[in-house]
2 protein chains.
Amino acid sequence: MQTLQVALGERSYPIHIGPGLLGQPDLLSPYIRGRQVMLVTNETVAPLYLNKVKASLSAFQVDTAVLPDGESYKTLDTVNLIFDQLLEKRHNRTTTLIALGGGVIGDMVGFAAATYQRGVDFIQIPTTLLSQVDSSVGGKTGVNHALGKNMIGAFHQPRCVLADTATLKTLPLRELSAGIAEVIKYGLICDQSFYAWLQMHTKDLLACDDTALGYAIKRSCLAKAEVVAEDEREGGIRAILNLGHTFGHAIETHEGYGNWLHGEAVAVGMLMAVDLSIRLGWLEAQELEVLRRLLVQAKLPVVSPSDMTPDDFLKHMAVDKKVVDGTLRLVLLDAIGKAKVTSDFHHDALIATLKSI
Amino acid sequence: MQTLQVALGERSYPIHIGPGLLGQPDLLSPYIRGRQVMLVTNETVAPLYLNKVKASLSAFQVDTAVLPDGESYKTLDTVNLIFDQLLEKRHNRTTTLIALGGGVIGDMVGFAAATYQRGVDFIQIPTTLLSQVDSSVGGKTGVNHALGKNMIGAFHQPRCVLADTATLKTLPLRELSAGIAEVIKYGLICDQSFYAWLQMHTKDLLACDDTALGYAIKRSCLAKAEVVAEDEREGGIRAILNLGHTFGHAIETHEGYGNWLHGEAVAVGMLMAVDLSIRLGWLEAQELEVLRRLLVQAKLPVVSPSDMTPDDFLKHMAVDKKVVDGTLRLVLLDAIGKAKVTSDFHHDALIATLKSI
């Protein structure tokens with residue numbers, strides 16, 4: 001087991017990474033302050049891991065909420081099901097919520113914890129690669145709105161995170177690939193040597209090799225933790241974590257949440273960001289092909305949905321959170337491992353990118 | 001105009017108090033950072049003041065949301081109507097929400113601001129006495145759940161507050177009285193001389209005398225600001241602000257939100273807290289009669305609902321946010337002007353109080 005500390009002053013917390021962590025009571029109990037625990041998962045994860053985690057919490061009053069599975073359920077209405085359980089079982093403000101599942105569960109349980117009685121503790125047990133490298137660091141929580149993704153939410157840090165690599169063995173291959181997209185992102189934005197490592201080891205990640213997974217998760221979490229520690233509330237530098245996301249969110253919104261996986265949309269979005277960076281003369285032309293090859297190796301899509309026009313993209317991108325007073329800002333690359341947020345690009349170059357990918 | 005500064009470090013903000021402040025652009029514009037404003041009010045307040053406030057914001061893109069009026073609409077669903085407007089009008093994270101109305105509007109708009117795109121600015125223009133002395137200080141925002149009042153929410157401080165005493169002239173007398181209940185609370189918990197002043201001037205408040213109102217609002221806000229500055233996130237001392245509220249919430253929940261006004265329920269709750277404090281030997285017996293007389297003068301109720309038994313109270317009080325690991329804590333008085341949070345009381349004394357009031 002490796003442990004990594006996310007440094008955020010009094011809100012600092014550990015991320016434990018390794019195979020077989022789930023069900024070890026000693027890893028959880030130091031982070032539970034009261035005697036009540038609400039364990040929240042979804043219909044897919046529940047039969048696999050719910051009882052195991054529950055058994056490790058025998059020292060507490062454990063109640064459970066099992067939510068429907070899928071991005072389309074990441075709504076205020078579903079969060080309300082968590083509130084229903086909390087109130088029916090009379091959980092008070094010393095309760096601890098535990099999120100057992102992927103990013104959707106983590107985001108919703110985190111938001112429920114941020115807003116139940118104006119804020120209670122929560123712990124993340126992410127069971128997908130995407131959530132282990134992404135939503136387990138940073139404290140972003142929230143839900144979607146019919147008119148935009150992640151538009152309602154709060155910043156709320158977990159008390160601890162357990163990233164059990166063994167849970168990835170039950171993950172559908174498509175979701176594993178989607179997680180690798182986010183791993184590749186960390187290489188692109190701030191870690192050139194990790195990006196080089198990924199060219200060699202993506203097949204090990206796809207084969208669920210525990211050592212390769214542990215290394216990739218740790219390196220990704222380190223990269224993210226560093227950026228987040230610098231900018232907890234996303235005033236500036238933190239926005240580079242959204243490389244590919246503005247394009248990606250447009251795809252997800254247009255196709256309907258859940259039809260394209262988040263990581264798949266981000267993969268195409270990253271390719272667009274690299275393509276645009278090359279058009280602007282900031283990045284060498286060969287990098288488009290390097291990234292494309294890596295994405296193909298990771299079994300990720302490399303072209304945008306056939307039914308989406310550049311206008312569709314522009315329409316959806318206009319409601320992005322990075323639009324400030326009408327000006328669209330994008331995360332682009334000055335080099336591999338060096339990202340920046342900028343509105344300094346020609347509209348024509350953007351259109352050319354949207355047409356070409 | 002008097003101005004009072006709530007000292008919360010970088011989240012400090014001013015409260016302007018006086019007649020005719022509404023519609024003065026200079027008081028608002030320094031606190032609006034972007035060019036978008038979402039002005040939120042309800043169906044009752046809109047015909048009275050919406051256009052006046054809107055006219056004072058001509059320098060900005062002003063969109064409006066008019067919500068149904070009443071505590072029964074203080075729900076996630078109603079907050080969602082604000083999100084609908086924000087997203088339809090493409091408000092970005094530099095937008096400012098303005099709450100124009102009573103406590104229900106303030107709580108919901110504050111919660112929408114706390115959670116829209118994970119947090120945007122908001123300004124309060126409270127138009128009831130209760131909201132001018134209570135919800136305008138402290139940063140508590142939130143909504144009710146079918147199983148409990150204010151169970152979902154967040155701490156989020158406004159950028160500024162305008163308390164225009166002239167708006168109280170359009171307030172129904174019953175709501176003015178409910179506001180006075182909260183004013184009386186500040187005297188009871190931390191300001192004995194203000195409590196004495198209220199014995200003399202409650203009739204001036206009921207007559208909407210601007211000088212008396214200005215004084216009472218300032219003194220109340222000062223008292224609350226002091227307590228909040230000491231304990232922004234309600235770890236300890238802040239809980240004394242809930243004098244009468246645990247009993248009061250039980251009444252509101254049992255009777256259905258909105259049938260008893262919040263201040264009316266708190267009035268009876270304060271009487272119970274004083275009664276229990278006397279039974280425990282902490283307060284002189286005559287204080288029950290002094291408070292009862294003051295409440296009657298303010299046209300507030302002094303007996304609990306005829307259909308509520310002590311068991312009804314206990315059932316509702318069990319889900320109160322101040323219950324910690326099964327132990328009920330109450331705000332009681334050691335003296336007039338000196339409150340404390342305690343679980344150090346006999347159950348029998350509590351039952352006797354519930355039976356006698």
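This passage looks at how the two domains of chain A meet in a predicted model. In this model, local features need pLDDT of at least 70 and side-chain atom pairs count only at pLDDT 80 or more, while totals for chains, interfaces and linings use all residues. Residues are numbered from 1 along each chain as its sequence is written, chains are lettered from A and ligands numbered from 1 in the order written, and side-chain values use heavy atoms, without hydrogens and water.

An automatic or database assignment places domain 1 at 2–170 and domain 2 at 174–356 of chain A. Their centres, taken over C-alpha atoms, lie 26 Å apart. Domain 1 brings 36 residues to the contact and domain 2 brings 32, where contact means heavy atoms within 4.5 Å.

Together the two domains bury about 3,000 Å², with 65% of it on carbon and sulfur atoms; this is the accessible area (1.4 Å probe) lost on being put together, summed over both parts. On the domain 1 side, Leu129(A), Val133(A) and Lys149(A) lose the most area, together 20% of what that side buries.

Turning to polar links, 3 salt bridges are counted between the domains, each being a side-chain nitrogen of Lys or Arg within 4 Å of a carboxyl oxygen of Asp or Glu. Asp134(A) and Lys224(A) form a salt bridge through their side chains, at 2.9 Å from N to O.
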